[in-house]
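Biologist: Before we begin, could you take me through this model slowly, giving the general idea each time and then the case at hand?

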Amino acid sequence: MYPFEKFSERAKKVLTLAQEEAERSHHSYIGTEHLLLGLMREGEGIAHQVLRNLGVDISKVRQTVESVIGRNERIIIQQIIPTSRVKRVIEISFEEAQRMGHHAVGTHHLLLGLLLEGEGIAAHVLQELGATGKAVRAEIERLLLAGTHEEPGAGAFLPAYNVGERVLVHDADPPYRLWEGRVAKATDAGFEVAIPGHPGGETVTVNSTRIHSIPMRWTRDCTFCRFV
């Protein structure tokens, strides 16, 4: 039903772990709670980093899930068994990836899907533990703006720039204004770019996520461009 080849490797792992969680609980369905536990167990994706930074850990999630199912076991099983909520979460995840201009569905899109679906056990558990939609989205944005990638080595696929090449550079802070300059040097931290008249100094050091070539390209995946 869904083009799972468009999932990041970490997101695919989450789906496998969710199935393991369902089997571990002796459930004949994969519910939103299993998907949330899969996100926690994956351990390295953006979703895990977001939840960790918001003070959510897997022991708290397990405890809260078990308390919810224990109170409402008969109702929950009757309502969730063909996993219609999980299907909706996956649909929302694709929509969020497209909205953010990302080519693959990552763990953070699945996390947003759980929250935006809003009615599953996972959404209630996250709300109870303080991981609200607003807090989660803000932390995702913060990590993306800081250059965090869903997959290891993702930075290797970013554009390269030659010394002397004309480029546009985003400021590091809102409103992420674009400045025109020339690449002066490639460094381990990214690139030194000469920008005459820049208030932060006429030579600024930036990583590849904040640079565009001239004529401009690669805007679809640029987190900063959405704010300019």
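**Reading the model**

Modeller: Let us start with one residue: glutamate 96 is buried, because its relative accessible area is 8%, where buried means under 20% relative accessible area, exposed means over 50%, and partly exposed lies in between (1.4 Å probe, protein chains only). This is a predicted model, in which local features need pLDDT of at least 70 and side-chain atom pairs count only at pLDDT 80 or more, while totals for chains, interfaces and linings use all residues. Residues are numbered from 1 along each chain as its sequence is written, and side-chain values use heavy atoms, with hydrogens and water left out.

Biologist: Which side chain does the side chain of glutamate 96 join in a polar contact?

Modeller: A polar contact is a pair of N or O atoms within 3.5 Å; within protein, one must be able to donate a hydrogen and the other to accept it, and residues adjacent in sequence count only if both atoms are side-chain atoms. Here the partner of glutamate 96 is arginine 137, at 3.0 Å between the side chains. Contact in the wider sense means heavy atoms within 4.5 Å, and glutamate 96, leaving aside neighbours within four places in sequence, is in contact with His109, Leu112, Leu116 and Arg137.

Biologist: In which element is glutamate 96 placed, and what do the buried residues of that element pack against?

Modeller: Helices (H or I, at least four residues) and strands (E, at least two) are DSSP runs, numbered from the N terminus. Glutamate 96 belongs to helix H5, whose buried residues also include Val86, Ile90 and Phe94, and the buried residues of H5 pack against H2, H6 and H8.

Biologist: How many helices and strands are there in the protein?

Modeller: The protein has eight helices and five strands, and along the sequence they follow the pattern α-α-α-α-α-α-α-α-β-β-β-β-β. Of the 228 residues, 46% are buried.

Biologist: What span should the residues of H1 have, and where do the buried residues of H1 fall as seen down the axis?

Modeller: The expected span of a helix is 1.5 Å times one less than its number of residues. For the 16 residues of H1 this gives 22 Å, and the end C-alpha atoms are 23 Å apart, which agrees. An α-helix has 3.6 residues a turn, so residues three or four places apart point the same way. In H1 the buried residues are Arg10, Ala11, Val14, Leu17, Ala18, Glu21 and Ala22. Seen down the axis of H1, these buried residues fall within an arc of 145°, so they line one face of the helix; the arc is that of the directions from the helix axis to the C-beta atoms. Just after H1, histidine 26 takes a positive phi of about 60°.

Biologist: Is glutamate 21 buried or exposed, and which residues is glutamate 21 in contact with?

Modeller: Glutamate 21, found in helix H1, is buried, with a relative accessible area of 0%. Beyond its neighbours within four places in sequence, glutamate 21 is in contact with His34, Leu37, Arg41 and Arg62, and its side chain makes a polar contact of 2.8 Å with the side chain of arginine 62.

Biologist: Which residues have the most contacts inside the largest nonpolar core?

Modeller: In soluble globular proteins, nonpolar side chains tend to be buried together. A nonpolar core is a set of buried Ala, Val, Leu, Ile, Met, Phe, Trp, Tyr and Cys residues joined through side-chain atoms within 4.5 Å. The largest one here has 39 residues, and those with the most contacts inside it are Leu36, Leu51, Val61, Leu111 and Val136. Among the elements that give two or more residues to this core are helix H1 (9-24), helix H4 (58-80) and helix H8 (133-145). Apart from this core lies another, of 11 residues, among them Val169, Val193, Ile195 and Val204.

Biologist: Where is proline 175 found, and what kind of peptide bond joins proline 174 and proline 175?

Modeller: Proline 175 is in the loop between strand S1 (166-170) and strand S2 (178-187), and the bond joining proline 174 and proline 175 is cis, with omega about 5°. Tyrosine 176, in the loop between S1 and S2, has a positive phi of about 60° although it is not a glycine. At 8% relative accessibility, tyrosine 176 counts as buried.
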